[in-house]
Amino acid sequence: GLRPTARTPTAISEVALSQGLAEPASASSSGRRAALTVSLLVSARRGGVIRRRGGSVVAMATVTAANRPLPHVPEPEPLRATDGKKDGAAPEDVFTWDTVTSRMPKIMDSVIESLPASLAEEAGLLEAVKELQAEMREGAQLKLLEPTAPWVNAEDWNEHLKDFISRGEGWHSAPWWLVENYMYKRLLQELARCGETGAAYDPFEPSKNKAMDAAVEPMATSLGPLLELVQKASSAGAAERRAALEATLVRSLWGNQADLSLSAGKVESYSDSGSLLSDQREVALNLLEASPGKPVIIVLDNHGLEVLCDLVLVDAILQLTKSNVVLHVKDAPVFVSDVTNDDVPGILGWLEAHSSSLAARLKQSLADGRLSVLPHSFYTSARAFWEVPEDLASAYAEAASVILKGDANYRRLLGDLHWPYSTDFSSYVGSFWPGSGLVCLRTMKSGVALGVSEEMQMEAKKARPKDWLTSGIYGQILAFWRT
């Protein structure tokens, strides 16, 4: 299942899907995805100029001048691998060190193990991946990227990297958020050296397919009843509609426990267990109900069960409110299981086999314009949300609300900085967010947090002293509404 090299960032064409021009038969049907007819091009402006590559519009994530969060307080230090080597390092800081020196190299092992035969025989690729693993383990200095393929986005990335490189920073001393995102770009760079086959290959497609296989049972036992609840609520009163919307919101949150980047690409069993350390669901629900006609943007996170939970939430928003939904996805493979634009047809095809009524409603919404999909290269950069490009800032400002799914989007919101965990979420977001509403649905998988009271911190540390911040057992529903 290898794809050609066409990499123009696109939105899924509602017309192509509805007219059968792109039949999404299965989650692994890469060939059919390559044949997807696309008609909606995503563009972004740089200094008023639309940049083009090969005659096609290419979205370039650019940084606009913006105030950083809480400008009246000193900016905290970013999480770094070296945090975990300090005397008396907290468990979450040791987790950062272990991630860069152990878990990230293991992700590269899983990529090599699942390569198709045509790439597994590329000696240069195998050697380059080994060198990349050695750099991570040894803390080598970072290097500029090479423009081997559009997915690498070398020009924008090198603009960001140059200051860190000029200071001699490496895998251990540069910010963790930077080097983790950078690893995936380095991998794509090396794959592209193998020619069109490598440049077109999603190195995480095998893991994504396994994640969908593992989601068959929870789709039937957990999400099926939710879909029935939403259907019944669509013809019921306000209280029933709100209750159904709440149930899908919470299920979308706990779907985030499934994250292949944490398990180094290994698909493990799914769990519905967890406890909330922050619960602002009432504000979140008010946001979803309060702005009829305005779009709700959902910035997706993981493939597999999580995206299925998210699509149940999408179905609820479309049926129970008057808002449209725009799904923002990655433009390139990253973080093992993150949803890309190319994944969407296969996900819909999987749903046709396992939940045909949901698939039909989503395809109809794509056709009539109430649902759309937008990929953007900002989501595979290492920029923070206060550096968002103008086109995305405008979209956030015009939306009824933006829902950020998962830990990586949350880390981007915080700049992956050591903010005090008890920092007030509304004060933080209100100091820079361009829109009027923001919701975060996140299970806690890294050493950053906002909106956790001192009391809740003590309780969580007592229950799980070594991994309360990183295990994914605890979750947060955080909401901001500018009134």
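**Aromatic pairs and charges over rings**

The structure holds 16 aromatic pairs, where rings of Phe, Tyr and Trp (its six-membered ring) pair if their centres lie within 6.5 Å, with planes under 30 degrees apart counted as stacked, over 60 as edge-to-face and the rest as tilted. This is a predicted model, in which local features need pLDDT of at least 70 and side-chain atom pairs count only at pLDDT 80 or more, while totals for chains, interfaces and linings use all residues. Residues are numbered from 1 along each chain as its sequence is written, and side-chain values use heavy atoms, with hydrogens and water left out.

One stacked pair is formed by Trp-177 and Phe-335, at 6.0 Å centre to centre and 25 degrees between the planes. Because Trp-177 lies in helix 7 (residues 176-192) and Phe-335 in the loop between strand 9 (325-330) and helix 14 (344-354), this pair ties together parts that are 158 residues apart in sequence; helices (H or I, at least four residues) and strands (E, at least two) are DSSP runs, numbered from the N terminus. Trp-177 is buried at 4% relative accessibility, and Phe-335 is buried at 5%, where buried means under 20% relative accessible area, exposed over 50% and partly exposed in between (1.4 Å probe, protein chains only).

The rings of Tyr-396 and Trp-433 are also stacked, because their centres are 4.9 Å apart and their planes are at 10 degrees. Both residues, Tyr-396 and Trp-433, are buried, and ring pairs link them into a cluster with Phe-378, Tyr-379, Phe-385, Trp-386, Trp-419, Tyr-428 and Phe-432.

The charged end of Arg-412 sits over the ring of Phe-378, 5.1 Å from its centre, the criterion being NZ of Lys or CZ of Arg within 6 Å of the ring centre and within 35 degrees of the ring normal.
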